[in-house]
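Work through these exercises with the model open. Each one sets a task and then solves it in steps.

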Amino acid sequence: MTLHSIVIQKLLSTNAHIGRRVAAHHFKQFTYGHRNNMAIIDSDRTLICLRNAAQFIAAMAHRNARFMFVNTNSLWDEIVEQMTKKIGCYSPAMNVLWRTGGFLTNSHSPKKFRSRRKKIVFGPTQPPDCLVVFDSDRKSSAILEAHRLQIPIVSLVDSDMPIEYFNKITYPIPCNNSSAKFVYLFCNLITKTFLLQQKQRGHVSAEIDTSEQVGAIEEAKKDELLVVPYEFLHISTDVEKIEEMLDKLVVIKFNGASGTSMGVSGPKSTMEILNGLTSLDLIVNQIESLNSKYHCSVPLVLVNTNSTHEDTLKVLEKYSSLDINIQSIKQTQHSQLKSQGGQSGEDELYPSDHGAVLLSLLKNGTLDVLLSKGKEYVLLVDSDNVAAKIEPKILDHLVENKIDYCMEVTPTSYDSDLIGSRLQKFELAAIAQNSVKDSMERFKLVDTGSLWVNVRAIKKLLDTDELMIEDISVSKETESDQVLLQETAVGSAIRFFKNAIGVSVPNSQFLSMKKTSDLLLLKSNLYTYDEGVVVRNIARTNPANPVIELGPEFEKVSDLLSRFKSMPDIIDLDRLNVTGDVWFGAGITLKGKVAIHAKPGMKLEIPDGVVLENEDIKDPSDL
């Protein structure tokens with residue numbers, strides 16, 4: 001017996017071939033004939049359509065697309081529920097909400113619905129990428145709405161289905177859709193298809209995922225960190241669950257960095273960097289968007305130093321009309337060793353270190369207040385990383401897997417194969433604590449400055465003195481120079497947590513603001529923002545940012561803004577090196593590798609609208 005015959009026999013055993021008494025004219029292409037006044041569906045055609053639908057579902061699952069499963073027959077509820085739980089798409093609220101008119105067409109914004117049991121539930125914030133219907137006889141409005149939104153539809157169709165609904169289905173599967181055996185067979189096929197695609201993407205089922213990750217964490221040595229790929233993460237489709245999860249989060253931003261090194265008075269977070277917005281504006285916009293989208297309440301806590309506290313309080317007045325809880329506190333003062341250059345200043349009494357921030361929050365009672373308000377996780381955001389993103393995917397992963405400590409890292413190179421789509425262990429010594437150019441080539445990963453910590457876990461360690469946070473500057477010799485690392489919470493504290501991981505986030509979520517060359521990147525056409533999230537221009541094909549080196553003439557922000565009449569087009573720029581008394585006109589385009597060196601005593605002006613591509617400019621005659 002051939003494999004085809006075995007499959008056909010399997011279909012026949014489910015009674016999938018027995019249609020209704022009436023076979024619509026458009027359905028006759030799928031019928032074999034009639035017997036006992038019943039339409040007989042051609043099993044070969046069913047098999048072909050089933051294979052096409054499975055291939056489409058596999059392609060969508062491989063892209064980690066959003067699925068919505070619609071079942072109008074209460075007899076199949078248990079079968080469909082088991083399937084959705086296994087593939088990670090289970091959402092109790094959606095099982096009834098799709099019946100509400102306008103559920104899909106109004107999904108661009110979250111809606112509240114009241115079910116028959118008087119329970120308030122939330123609609124989705126975005127429509128699905130694929131709709132799967134198990135019983136199309138009821139003429140569900142979901143089919144009409146999905147068709148209007150151009151969402152592909154996979155549906156079981158019987159012989160008497162009206163043509164106005166049949167024509168709207170992208171992948172019809174002709175069968176007896178009242179057969180429990182065939183519905184079970186179809187659900188089993190979807191489950192195996194999903195699990196196979198998840199495995200190929202590096203995903204596994206929830207049960208395997210948890211056990212494998214826990215095992216990997218336990219096997220990791222104290223000086224190693226288990227790094228989870230960003231593609232590994234996924235978030236629940238249950239909006240109510242996301243709201244409950246985000247209500248347990250508080251964002252803490254270290255706000256002690258001063259802008260004096262760039263010639264700006266006050267905190268660096270109040271300096272305009274992108275389309276008139278400051279880095280503080282961006283993170284406030286992010287939180288405001290999350291609170292509005294998911295009807296949650298994520299507070300923001302700013303940890304200031306003496307030099308930034310008063311100025312920050314003045315700036316916060318402009319956010320008073322927003323529906324967001326912003327607190328500003330002063331960090332506990334304690335000394336640290338001098339910097340590598342030997343200079344010491346007031347800000348060095350408040351190191352921008354996660355461990356110091358946590359210790360400060362414990363001493364002033366902030367952690368106790370957070371716990372009393374039901375907060376379970378804190379996201380600590382560094383002051384220099386202006387592209388930091390509040391990612392619900394990461395929080396969902398931490399909650400589901402009971403992770404106490406998570407450090408966001410990103411590859412120092414743009415080689416996507418470094419992390420890939422699988423769990424990997426990295427020695428802590430291979431993770432750079434900052435983006436110093438001399439050290440980036442010696443490390444595989446760099447710490448982005450964003451750290452997720454379980455509030456109860458950190459308080460327990462601090463209360464019992466198990467976690468001793470000290471300011472220890474360690475000089476480590478390398479072959480060519482000395483790299484000064486501040487080994488505190490990011491490095492040594494990881495060893496105190498049993499459940500500690502790292503998450504490899506995209507390079508776009510790490511953009512340090514330390515020099516005016518960094519500011520030039522943000523003020524150019526290379527970046528924009530969406531709901532407070534810094535977004536890179538998709539027109540740039542090179543995954544790496546341009547390397548920009550500016551001379552001391554551009555050291556201050558005022559110098560940069562005065563020497564550029566308008567920011568140049570740097571979409572296709574690879575490297576820019578500028579030294580001397582150089583002035584840029586408006587509408588300039590820079591491409592490839594551009595070097596501009598003005599000789600001492602010479603004023604070099606780049607005219608408006610010029611295009612420089614792979615140029616080495618040393619004199620006006622070179623233009």
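**Exercise 1. Decide whether F564 and F584 are buried or exposed, then classify their ring pair.**

Step 1. This is a predicted model. Start with F564: its relative accessibility is 3%. The cut-off for buried is under 20%, so F564 counts as buried.

Step 2. F584 has a relative accessible area of 5%. F584 is therefore buried as well.

Step 3. Take the ring geometry. The centres of F564 and F584 lie 4.3 Å apart, with the planes at 10 degrees. Planes under 30 degrees apart count as stacked, so this pair is stacked.

Step 4. Place the partners in the chain. F564 is in the loop between α18 and β26, and F584 is in strand β27. They are 20 residues apart, and the pair links distant parts of the chain.

**Exercise 2. Find the surroundings of F584 and its place in the largest nonpolar core.**

Step 1. List the contacts, leaving aside neighbours within four places in sequence. F584 touches F554, R563, F564, K565, V578, I596 and I606.

Step 2. Look at one of these neighbours, R563. Its charged end sits over the ring of F554, 5.4 Å from the ring centre.

Step 3. Turn to the core. It has 41 residues, and I273, V582, F584, I596 and I606 touch the most other members.

Step 4. Trace the elements behind it. Those giving two or more residues include β11 (272-274), α17 (516-523), β27 (581-584) and β29 (603-606). The most comes from α17, with four residues.

Step 5. Check for another core. A second, separate one has 39 residues, among them V228, L300, L302 and L395.

**Exercise 3. Characterise the aromatic pair of F67 and F194.**

Step 1. Count the aromatic pairs: the structure holds seven.

Step 2. For F67 and F194, the centres are 4.8 Å apart and the planes meet at 65 degrees. The pair is edge-to-face.

Step 3. Locate the residues. F67 belongs to strand β3 (residues 67-70) and F194 to helix α7 (residues 180-200). The separation is 127 residues.

Step 4. Add burial and context. Both F67 and F194 are buried. They form one aromatic cluster with F69, F134 and F186.

**Exercise 4. Test the length of helix α10 and judge how enclosed it is.**

Step 1. The helix covers residues 279-294, which is 16 residues. At 1.5 Å a residue, it should span 22 Å.

Step 2. Compare with the model. The end C-alpha atoms of α10 are 23 Å apart, which agrees.

Step 3. Assess burial. Twelve of the 16 residues of α10 are buried, so the helix is largely enclosed by the rest of the structure. Among the buried ones are S279, D281, Q286, N291 and Y294.

Step 4. Look just past the end of α10. There H295 takes a positive phi of about 55 degrees.

**Exercise 5. Work out why C175 is not bonded to C49.**

Step 1. Recall the chemistry. A disulfide is a covalent bond between the sulfur atoms of two cysteines.

Step 2. Apply the distance test. The cut-off is 2.5 Å between sulfur atoms. The cysteine sulfur closest to that of C175 is in C49, 9.8 Å away, too far for a bond.

Step 3. Give the total: the structure has zero disulfides.

Step 4. Check burial. C49 counts as buried at 13% relative accessibility. C175 is buried too, with a relative accessible area of 0%.

Definitions and conventions: Residues numbered from 1 in each chain as written. Predicted model: local features only at pLDDT ≥ 70, side-chain atom pairs only at ≥ 80, totals over all residues. Heavy atoms only, no water. Core = buried A, V, L, I, M, F, W, Y, C linked by side-chain atoms within 4.5 Å. Buried < 20%, exposed > 50% of the residue type's maximum accessible area, 1.4 Å probe, protein only. Contact = heavy atoms within 4.5 Å. Phe/Tyr/Trp six-rings, centres within 6.5 Å; stacked < 30°, edge-to-face > 60°. Lys NZ or Arg CZ within 6 Å of the ring centre and 35° of its normal. Expected span 1.5 Å × (residues − 1).
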